Amino acid sequence: MPSPPTAPEPATARPGRLRAAWRAAHEPVEGVSRRMRLVACAVPLTVLPAGLWRLPAVFDPGIGIGERVYIVFLSLFSEAVAFTAFGLIARWGEVFPRWVPYLRGRRVPVSAAVVPAALGATVLTLLWTVLTLTTQIMGRTIRGGKLPDDFPSQVGGWEAVSFYVCYTPLILWGPLLAVLTVGYARRRRGSGAAGRVG
């Protein structure tokens, strides 16, 4: 009697590979505290509401295709940049992944991760924390002009409420990234010193 046909391997292997990739991208290395894991998870969540708030504008009939592409690109790009915070707690932030040519398997120099992360944290803190608070308190744009009457925070009602609910978390992006950067630098330098002593 012939054996019954088996399910094709690729269909079951693919979800397994995606799950493994997801785990590898997010799983913290040894020495990362639970608090730092939560901070890393919080970073993309600070960016997500603003991206979701922008996306309905894509369906506005009054804008062109270029603006639609820009809105989608900005939302996806912001989330991708926010995701890099996981590199400050995961293995791929300490050892170059296999898909990086010439560098695969080599240790990531501490400064190669800390310098861009520190610059990013500084820029994001200035942009979202300092300037946003300043513009909202003073009622002025970054260039010093008066906020237009159709600016979401000026309109009032539910539009202003949704704007504040979705954009307020961005204030935390820079400071959270700074916390992760300091934690990464301390952990890597500590493990390097322990390695030299050992």
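I took two rings of Phe, Tyr or Trp as an aromatic pair if their centres lie within 6.5 Å. The model I examined is a predicted one.

**Entry 1. Aromatic pairs**

With that cut-off, I searched the whole structure and found eight aromatic pairs. In one of them, the ring centres of Phe83 and Phe86 are 5.6 Å apart and the planes stand at 40 degrees, so I recorded the pair as tilted. I then looked up how covered each partner is. Phe83 has a relative accessibility of 28% and therefore counts as partly exposed. Phe86, at 5% relative accessibility, counts as buried.

I next noted the pair of Phe163 and Tyr164, which is edge-to-face, with 5.6 Å from centre to centre and 65 degrees between the planes. Phe163 counts as buried, at 9% relative accessibility, whereas Tyr164 is partly exposed, with a relative accessible area of 36%. I followed the ring pairs further and found that they link Phe163 and Tyr164 with Trp53, Trp128 and Tyr167 into a cluster.

**Entry 2. The chain as a whole**

I listed the secondary structure of the protein chain and obtained seven helices and zero strands. Along the sequence, the pattern reads α-α-α-α-α-α-α. The protein chain has 198 residues, of which 30% are buried. I also looked up its contacts: among those with a separation of 6 or more, 65% join residues 24 or more positions apart. The exposed area of the protein chain is about 13400 Å², and carbon and sulfur atoms supply 69% of it.

**Entry 3. Helix α3**

Helix α3 runs over residues 65-83, a total of 19 residues. From its first C-alpha to its last, α3 reaches 27 Å, close to the 27 Å expected at 1.5 Å a residue. I asked which residues of α3 are buried. They are Ile71, Ser75, Ser78 and Ala82. These residues cover an arc of only 70 degrees around the axis, and therefore lie on the same side of α3. I recalled that an α-helix has 3.6 residues a turn, so residues three or four places apart point the same way. On the other side of α3, I found Ile65, Val69, Tyr70 and Leu76 exposed.

**Entry 4. Helix α6**

I repeated the check on helix α6, residues 157-167, and found Ala160, Phe163, Cys166 and Tyr167 buried. Down the axis of α6, the buried residues fall within an arc of 140 degrees, so they line one face of the helix. The face turned away from this buried side carries Gly157, Trp158 and Val165, which are exposed.

**Entry 5. The largest nonpolar core**

The largest nonpolar core has 29 residues, and I noted that Val43, Trp173 and Leu180 touch the most other members. The elements giving two or more residues to this core are α2 (34-54), α4 (110-138), α6 and α7 (173-197). I then asked which residues Val43 is in contact with, leaving aside its neighbours within four places in sequence. The contacts of Val43 are Ala82, Ala85, Trp173, Leu176, Leu177 and Leu180.

**Entry 6. Thr135**

Last, I looked up Thr135, which lies in helix α4. Thr135 has a relative accessibility of 12% and counts as buried, because buried means under 20%. Thr135 and Gly145 are 10 residues apart along the chain, and I noted 9.8 Å between their C-alpha atoms.

Note on methods. Residues are numbered from 1 along each chain as its sequence is written. This is a predicted model: local features need pLDDT of at least 70, side-chain atom pairs count only at pLDDT 80 or more; totals for chains, interfaces and linings use all residues. Side-chain values use heavy atoms; hydrogens and water are left out. Helices (H or I, at least four residues) and strands (E, at least two) are DSSP runs, numbered from the N terminus. The expected span of a helix is 1.5 Å times one less than its number of residues. Buried means under 20% relative accessible area, exposed over 50%, partly exposed in between (1.4 Å probe, protein chains only). The arc is that of the directions from the helix axis to the C-beta atoms. Rings of Phe, Tyr and Trp (its six-membered ring) pair if their centres lie within 6.5 Å; planes under 30 degrees apart count as stacked, over 60 as edge-to-face and the rest as tilted. Contact means heavy atoms within 4.5 Å. Accessible areas come from the Shrake-Rupley method with a 1.4 Å probe; for residues, only the protein chains shown count as cover. A nonpolar core is a set of buried Ala, Val, Leu, Ile, Met, Phe, Trp, Tyr and Cys residues joined through side-chain atoms within 4.5 Å.
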